[in-house]
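Dear colleague,

I am passing on the structure that we spoke about, with my notes on its salt bridges, its enclosed spaces and one lysine set out below it. Please read the notes with the coordinates open beside you.

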Amino acid sequence: MPRQGQGSLLTAVPPFPLTALRHPAVSSLLDDHRALLTELLDGLGSPLHVVLPEVFEENITGLRQAFAETGADVDILFAKKANKADCFVSSAAALDAGIDAASAPELVKALAGGVPGHRIGVSGPEKDDALHSLAVQHNCLVAIDSLSELRRLAATARLARRRVRVLLRSRTTGQPGSRFGMAEAERDAAVGLCLDLSDHVRFQGFSFHLNGYSPEERATAANEMIEHCLDARRRGALSAEVVDIGGGLPMRYVEPRLWDEFLLQNEPAHYHGTKAAKGFYFYPYGGQPTAQAARTLMNHPVDGNESLSAKAARNGIRFLVEPGRSLLDQAGFTVYRAQQVDDRRDTDGYAIVTVAGNSLSLSEPWFNTDYLPDPVLLSAEPGADEVFPACVAGSTCLENDMVTWRKIGFPRPVRPGDHLVYLNTAGYHMDFLESRFHDTPLPSKAVIRLGDGDAPPRWRLDGI
């Protein structure tokens, strides 16, 4: 029943549920080991990031299997930028997966975590000389964005008396206006320059950057790169045998039915204050499962009825893929402690829950939007079942410090001391925008591995 004084606000626009999917390991921690989470939050502070390397390892194995089913030769490089936790690098090294590094600190962390240089790809536009030098010394594969960068990298390799492995990043026909990569004339000139500089440059193929999560569009772009490899071979670059298809593999946070309904019903009244809801680009939270998207990508027909994977095999082309977010699917969650509850249901129709921490510790990096899946309420004391509409605010002095602008229909009233668990936050959400504003420390990352059988979970602070 609506509270007295609410008027028609709640009746007209009830909170819309976006229930987050849960991995069994996550369910086990929330259902069976809640005391451990409470102790960790009490000891390490709010918010707390929990990272689950076992789930990450499971994702690597599953993605490899999906690619293998299509007959494609694919090496996986984990996009380090998606999460700074060192445990994921160590897991990648243990499974002989590679790392995609886009900065010198990322490259150093990859090496320190046990990933050998020849398993590391170095991406990013117009990389500086320090990153070039590290990449050359450790035999990394460097994606080049321009002729000027290629000349600088070749000079670094010459001074080091080494030969650097290179991919040329090319713009695609589907996204010719991208700021990343070379247009046709520059790409052709770069191939020629690689041949001229062959004493110091080993040209190995092409890469590309593609916005969006369409496997079909990515397959079309990959096919273009195969053709570029074949053309380069005709010009004498016989080692052109690699196509790096980048990241952009989708993943699923919520059931597609819920996501589709959300998109149809979404409106500004679902959000706190004057936050606009329409016109934003939302990450496709109800997208394809990653393994399914991988199979769709490699089985996509190109040049008639031949699949992308079959064409690649026929021409001796192997692929690199650089997933970040999708390899971290279900591999972590974030816990906040409720600090204060401002119950405005009688006046505004919803409450504002202020948590210990700020919104920069849980950010969806896509165009000023919310992290949309509903948080899970963990309450120390049972309460009456009653839909409790509330948004979630950070504890800073900024008006826009909202962890969740969208009004959530909590199953019972939220009280100070309760915990809000945001599921599936390991991919970009934990530290993409993190800040020490107000001189507060950055959130800790607790690495948890579930015990075998009846053994309790084991935890440690993240670090090499």
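Glu126 is partly exposed, because its relative accessibility of 39% falls between the 20% under which a residue is called buried and the 50% over which it is called exposed. Please bear in mind throughout that this is a predicted model. The side chain of Glu126 forms a salt bridge with that of Arg152, with an N to O distance of 3.7 Å. This pair joins distant parts of the chain, since Glu126 sits in the loop between β4 (120–122) and α7 (129–137) while Arg152 belongs to helix α8 (residues 147–160), and the two are 26 residues apart. Arg152 is likewise partly exposed, its relative accessible area being 28%.

The same loop between β4 and α7 also holds Lys127, which, with a relative accessible area of 4%, is buried. Its side chain comes to 2.6 Å from the backbone oxygen of Gly124. If neighbours within four places in sequence are set aside, the residues in contact with Lys127 are Val122, His132, Val142, Ala143, Glu149 and Arg152, and Arg152 is the salt-bridge partner of Glu126 described above.

Turning to the other salt bridges, a search of the whole structure gives 26 of them, and I describe a few here. Glu306 and Arg314 meet through their side chains at 2.9 Å, N to O; Glu306 is partly exposed at 23% relative accessibility, whereas Arg314, at 56%, counts as exposed. Arg325 and Glu364 form a further salt bridge, in which the closest N and O atoms are 3.1 Å apart. This pair too links distant parts of the chain, with Arg325 in the loop between β11 (318–321) and β12 (332–344) and Glu364 in the loop between β13 (350–355) and β14 (376–378), 39 residues apart. Both Arg325 and Glu364 are buried. There is also a network of salt bridges that links Asp75, Asp96, Arg119 and Arg318.

As for empty space inside the model, there are two cavities of 30 Å³ or more. The second largest cavity holds about 40 Å³, and its lining is made up of Asp100, Gly121, Val122, Ser123, Leu141, Ala143, Leu167, Asp244 and Glu322. Strands β4 and β5 (141–144) each contribute at least two residues to that lining, which by class comprises four nonpolar, two polar and three charged residues. Two of the lining residues, Val122 and Ala143, are also among the contacts of Lys127, so you may find it convenient to view the cavity and the lysine together.

The largest pocket, finally, encloses about 1,100 Å³ of space. Its lining runs to 40 residues, and those that lie nearest its centre are Lys81, His209, Asn211, Trp366 and Tyr428. Sorted by class, the pocket lining has 17 nonpolar, 14 polar and nine charged residues.

With best wishes

Technical notes
Residues are numbered from 1 along each chain as its sequence is written. This is a predicted model: local features need pLDDT of at least 70, side-chain atom pairs count only at pLDDT 80 or more; totals for chains, interfaces and linings use all residues. Side-chain values use heavy atoms; hydrogens and water are left out. A salt bridge is a side-chain nitrogen of Lys or Arg within 4 Å of a carboxyl oxygen of Asp or Glu. Helices (H or I, at least four residues) and strands (E, at least two) are DSSP runs, numbered from the N terminus. Buried means under 20% relative accessible area, exposed over 50%, partly exposed in between (1.4 Å probe, protein chains only). On a 1 Å grid over the protein atoms alone, a cavity is a set of points where a 1.4 Å probe fits but cannot get out, and a pocket is an open set with protein on both sides within 12 Å along at least five of seven lines; lining residues have an atom within 4 Å of a point. Grid points are joined across faces, edges and corners, and a volume is the space filled by probe spheres set on the points. Ala, Val, Leu, Ile, Met, Phe, Trp, Tyr, Cys and Pro count as nonpolar, Asp, Glu, Lys and Arg as charged, and the others, Gly among them, as polar. A polar contact is a pair of N or O atoms within 3.5 Å; within protein, one must be able to donate a hydrogen and the other to accept it, and residues adjacent in sequence count only if both atoms are side-chain atoms. Contact means heavy atoms within 4.5 Å.
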